[in-house]
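Colleague: I'm new to this one. Could you walk me through it and tell me how you back up the words you use?

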Amino acid sequence: MSGLSRRLRGILGNAAATDARAASLGLLLMFLAPALLFYAGFAVYPVLRTFYNSFHAIRPQGVVEFVGIGNFRSILFADPTFWKAVGNTALFTVIATLVDVFGGLLLALCLFARAPSAGLLRVIWFTPVLMSYVVVGVIWVWIYDYDWGLANAILHWIGLGAYEQSWLGHPSTALWSVMGAHIWKWLGFNMIVFLAALYALPGEVLGAAELDNCGWVAKLFYIIIPMLRATIVNLLVLSFIGKMMVFDLVWIMTGGGPLWSTETVSTYVYKRAFDWNTFDLGYPSAIAVLWFVIILAFIAIMTRLLRQRDRLEF
Amino acid sequence: MLRGISLPLCAAALGLAVVAAPLGGRAQADDVTLEVWSHEADQPAKVAFRELAARNVEKAHPGVKVKITWYEKNPMLAALKSALPAGKGPDAFYLEPGFVEYITAGYVIPLDDLIDWNNIEPWARKVWIHGGKTYGVPQEAYTNEIYYDKDALKKLGIELPASGQFTQAQFLDVVKKTKAAGMTPIAQGVGDRPFPGAYVVGEALLRKLGPDDYLRLFTGKLSFADPRVAEVLKWTKEVVDAGAYPKNFMTLKLGESHYYFYLKPGALMLPMGSWYTGRAFVPEDKGGQPANFPLGVMQFPAMDGGACNECKTSAVGASFVINAATKHKDLAAAFLNAMSTPEMGKMWIETIYLQTGIKADVKNFSGPHAAYFTELMERQKGAKYFIGAPQDLTTGECKDAFAQVLNSGFPGGLLSVDQAVQMMNKSCYKG
């Protein structure tokens, strides 16, 4: 054994034997510093800066002017596009979250019941989760295309040609079409989580229910769903957060159009920050801060309403 | 013991830093990399043009490397808007004259003493003059034209007047006849740009109002309820309702609209800036126009009682500016100058087939698209130019309304004339 490796083994062996809590603050900081610096630079600073910007107007030549709650007042009382974006985002969030979570549960139950070709279906349903938003967006723009899209081709094929339309080109269908693509992407994720939770359920409880001649519906509503409550709540909260911040897919598929019918709060923030021929990041920062507070409030309410007071034991 | 190793580790790291620092410093002093950001990554002729200028600078300045990062426009603008306020960003970058906020914010420097202005057309330089100082080097100039399929027009039994310009009634008739023949009259889409859908209505407004009132309209000083504006919108609505645009107008992207026009499924017309050539004149297997495509150029239609039917939009497009935070101002200027020599101007015309702000003594056009360029020049005879496009004249809420209403909702058939007027006035008209 060389001298170097002997020394290294000595150091590592002794280090392992040392209580890390006894290490000096300086040493701990030295090891933590890279991660802390990275976190501070790329997470803490941008957040703090956004809060700071939200109370300021950034004028030409980099002049920063304190405007107090002026930005927030303009957003809440004089910005109809913001409210349009809020309405779209709310609709998107509520519908897509419910369909995503309970659709995922249905698919999981289908696989749990050992439907024919369950293995293949699991792969097919989960594959969209692995795709990036860009890919999903491009695929669905093609599917919805009026002239050469699959959606209209199917309608035509089954004799419903009268319903062919420009799915992303009309305000009455655009948001629902984007929602469809988003649900397609995330349904498989919820399915997999539910499937894992279903397989973790205690077999004796389900077996006892079967011995008691409990039907599928009763078993689902009185045994399975109550026992999956924690998973459902977690998925609802996660899905809710993701949809309140929806940006990528909307941006790729419609850019917020036509006529602001798919404008979400996130796309509006981006437009105000980068598309409006202005360097004023104050106003878009204020929208971002306001939306952050709203999301936080909703999460707190949801968690409070849905939390389980009596812990199930099994 | 762990505490014991901290000192040697720190000392080693410090030592390494001390040893490496002068090496890094020397590398920076000797080898300068000039960072350039450019849009138009998808246009091979322009990429070749700017890369050639970069290599020329490298030859003239040993030790200098010019690194061009190629972007699409929107991601580039987003990156610039993050980098510049932080005092970062490239040494020189692509910009168009409409983005005056970069000048007012002080992120680009005046170029009056840095550039050889003898090589630049004065009318093109003028576009970049603000407060008596010149901030950009104009490279690309273009005019708005209607490209059309000569054979298809002939098959429809329609003859283009010698002036190359239909009246508004004739144009509407062309749209109706084309539609009746089962062909899409105008290949246009707004899937990824905030302006192509407004070509027809914009050029019609320019001809009807004349340049002064047209400028007033898009700078908030003239109401969209003006009877002349309403007349133009009413005519445009007739064109739209006659089925002028493809059904996938809302999602068709700019590049796709080119392909739609000259290849599949084919359309009679494509209103576009004369930078059409950047996408069309590339090899067919890269999405270019077929070699035998019967391309023609016509004027936008004349409006009844138009104040200036010989007017047309001309604009300076691709230009380059220098970042105020650059440490290599002179080198950046050298790159801008290298792109602006008469030889490069000649190369621009002969390889890109597009007008330019660079002075280029080209009397006889050569190459496979010489006939096209001759016809394009023919369409410029007697033209009065209005410099600037609506998407560049508008800012903030009005710019957004222009993109959503005149570019998309109105030509997309989603809005009535009254709704369009109301929405545009709400966002643009300052009374």
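## Talking through the two chains

Modeller: Happy to start with one crossing: in this predicted model, α2(B) and α12(B) cross in a right-handed way. The contact involves B:A53, B:A54, B:N56 and B:V57 on the α2(B) side, and B:A334, B:F335 and B:A338 on the α12(B) side.

Colleague: What makes those residues count as a contact?

Modeller: The cut-off is that C-beta atoms, placed from the backbone, lie within 7 Å. Sorted by class, the contact of α2(B) with α12(B) has six nonpolar residues, one polar and no charged ones.

Colleague: And why are α2(B) and α12(B) called oblique to each other?

Modeller: Look at the angle. The axes of α2 (residues 44-60) and α12 (residues 329-338) of chain B come within 9 Å and cross at roughly 130 degrees. Roughly perpendicular covers 65 to 115, and roughly antiparallel needs over 145. The angle of roughly 130 degrees fits neither class, so α2(B) and α12(B) are oblique.

Colleague: How do you know whether the size of chain B agrees with a compact globule?

Modeller: Set the value against the globule rule. For 431 residues, a compact globule would have a radius of gyration near 22 Å, and chain B has 25 Å, so the two agree. The C-alpha trace of chain B spans about 90 × 50 × 45 Å along its principal axes, and chain B holds 17 helices and 13 strands.

Colleague: What about chain A: why is it described as more spread out than a compact globule?

Modeller: Chain A, by the way, has 14 helices and two strands. The globule rule gives 20 Å for 314 residues, but the radius of gyration of chain A is 26 Å, well over that, so chain A is more spread out than a compact globule. Its C-alpha trace spans about 80 × 70 × 45 Å along the principal axes.

Colleague: Which domains does the assignment give for each chain?

Modeller: For chain A, the domain assignment gives domain 1 (24-48) and domain 2 (80-306), with C-alpha centres 35 Å apart. For chain B, the assignment gives domain 1 (32-140 + 317-352) and domain 2 (143-314 + 388-428), and here the C-alpha centres lie 30 Å apart.

Colleague: How many residues are in contact between domain 1 and domain 2 of chain B?

Modeller: Domain 1 of chain B puts 11 residues in contact with seven residues of domain 2. On that side of domain 1, α2(B) gives the most, with three residues. The residues on the domain 1 side divide into four nonpolar, three polar and four charged.

Colleague: Any oddities in the backbone? What makes a peptide bond or a phi angle stand out?

Modeller: Most peptide bonds are trans, and most residues other than glycine have a negative phi. Against that, the bond from A:G257 to A:P258 is cis, with omega near -10 degrees. A:P258 sits in the loop between α12 (248-253) and α13 (265-275) of chain A. The bond from B:K264 to B:P265 is also cis, with omega near 0 degrees. B:P265 belongs to the loop between α10 (254-262) and β9 (267-273) of chain B.

Colleague: And which way does phi go at A:R114, positive or negative?

Modeller: Positive, at about 60 degrees, although A:R114 is not a glycine. You'll find A:R114 in the loop between α4 (80-112) and α5 (118-126) of chain A.

Conventions: Residues numbered from 1 in each chain as written. Chains lettered and ligands numbered in written order. Predicted model: local features only at pLDDT ≥ 70, side-chain atom pairs only at ≥ 80, totals over all residues. Domains from an automatic or database assignment. Axes fitted to C-alpha atoms, helices over the stretch in contact; angles between N-to-C directions. Helix = DSSP H or I, 4+ residues; strand = E, 2+ residues; numbered from the N terminus. Parallel < 35°, antiparallel > 145°, perpendicular 65-115°, else oblique. Left-handed = near helix turned anticlockwise from the far one by under 90°. Contact = placed C-beta atoms within 7 Å. Nonpolar A, V, L, I, M, F, W, Y, C, P; charged D, E, K, R; others polar. Rg over C-alpha atoms; globule rule 2.2 N^0.38 Å.
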